[in-house]
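Here's a quick briefing to read alongside the model. Have the sequence and the 3D view open as you go.

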Amino acid sequence: MCDAIEGIGDPHQVHAWAERFALLADPGRLSLLLAVHRAGPIAVSDLALATGIRDTAVSQALRLLRASGAVHAAKDGRIVRYSLCDPEIARLLDAMSTAATAPPPA
């Protein structure tokens, strides 16, 4: 039982990880995060084209991602460009990309 308790770790850290995974659980948000991670800084209109999600839905998802601290918005003239700013999410996205391209285990 001690190993199980130790495996869980700090309850606050568990909560933080659960929040990160909740952001990744939505296919639209996950697509946006992958696009921002790969191509950022990137504008809403470019994200909409890349993901096939309407501009308004992209903007709404980006507001949530920005409020959670996953992405950062920076003005570039009249255009707002988004970039990934959560290093833990970046590592998760990198791991997902690596796993997706790795050959299946024998």
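**Overall layout**

The chain has six helices and three strands. Keep in mind that this is a predicted model. Reading from the N terminus, the order of elements is α-α-α-β-α-α-β-β-α.

**Size, surface and charge**

- Along the principal axes, the C-alpha atoms take up a box of roughly 55 × 40 × 20 Å.
- The chain counts 106 residues, and 25% of them are buried.
- Its accessible surface is about 7,200 Å², with carbon and sulfur atoms making up 60% of that.
- If you look at contacts with a separation of 6 or more, 50% of them join residues that sit 24 or more positions apart.
- There are 10 positive and 11 negative charges, and the mean positions of the two sets lie 13 Å apart.

**The nonpolar core**

- The largest nonpolar core has 23 residues, and the members touching the most others are Leu 33, Leu 47, Leu 62, Val 71, Leu 84 and Ile 89.
- Plenty of elements chip in: helices H2 (11-25), H3 (27-39), H4 (44-51), H5 (55-67) and H6 (87-101), along with strand S3 (79-84), each give at least two residues to this core.
- H3 makes the largest contribution, with five residues.
- Leu 47 is a handy one to click on: beyond its neighbours within four places in sequence, Leu 47 contacts Leu 32, Ala 35, Val 36, Ile 42, Val 58 and Leu 62.

**Salt bridges**

- The structure has three salt bridges.
- One of them pairs the side chains of Arg 20 and Asp 86, at 3.1 Å from N to O. Arg 20 belongs to helix H2 while Asp 86 is in the loop between S3 and H6, so this bridge ties together parts that are 66 residues apart in sequence. As for accessibility, both Arg 20 and Asp 86 are buried.
- Another links Asp 76 to Arg 81, with 2.8 Å between the closest N and O atoms. Asp 76 is partly exposed, at 41% relative accessibility. Arg 81 is partly exposed too, because its relative accessible area is 25% and the partly exposed class runs between 20% and 50%.
- Arg 91 and Glu 88 form a salt bridge as well, their side chains meeting at 2.5 Å, N to O. Both sit in helix H6 three residues apart, so about one helical turn separates Arg 91 from Glu 88. With a relative accessibility of 47%, Arg 91 is partly exposed, and Glu 88 is partly exposed at 24%.

**A look at Arg 66**

- Arg 66 is found in helix H5.
- Buried or exposed, or partly exposed: which is Arg 66? At 40% relative accessibility, Arg 66 is partly exposed.
- Setting aside neighbours within four places in sequence, Arg 66 is in contact with Val 71, Ala 73 and Tyr 82. Val 71 also turned up above, among the core residues that touch the most other members.
- Arg 66 and Arg 29 are 37 residues apart along the chain, and their C-alpha atoms are separated by 11 Å.

Conventions. Residues numbered from 1 in each chain as written. Predicted model: local features only at pLDDT ≥ 70, side-chain atom pairs only at ≥ 80, totals over all residues. Heavy atoms only, no water. Helix = DSSP H or I, 4+ residues; strand = E, 2+ residues; numbered from the N terminus. Buried < 20%, exposed > 50% of the residue type's maximum accessible area, 1.4 Å probe, protein only. Contact = heavy atoms within 4.5 Å. Areas by Shrake-Rupley, 256 points an atom, 1.4 Å probe, with all protein chains shown as cover. Lys, Arg positive; Asp, Glu negative; His and termini not counted. Charge placed at Lys NZ, Arg CZ, Asp CG, Glu CD. Core = buried A, V, L, I, M, F, W, Y, C linked by side-chain atoms within 4.5 Å. Salt bridge = Lys/Arg side-chain N within 4 Å of Asp/Glu carboxyl O.
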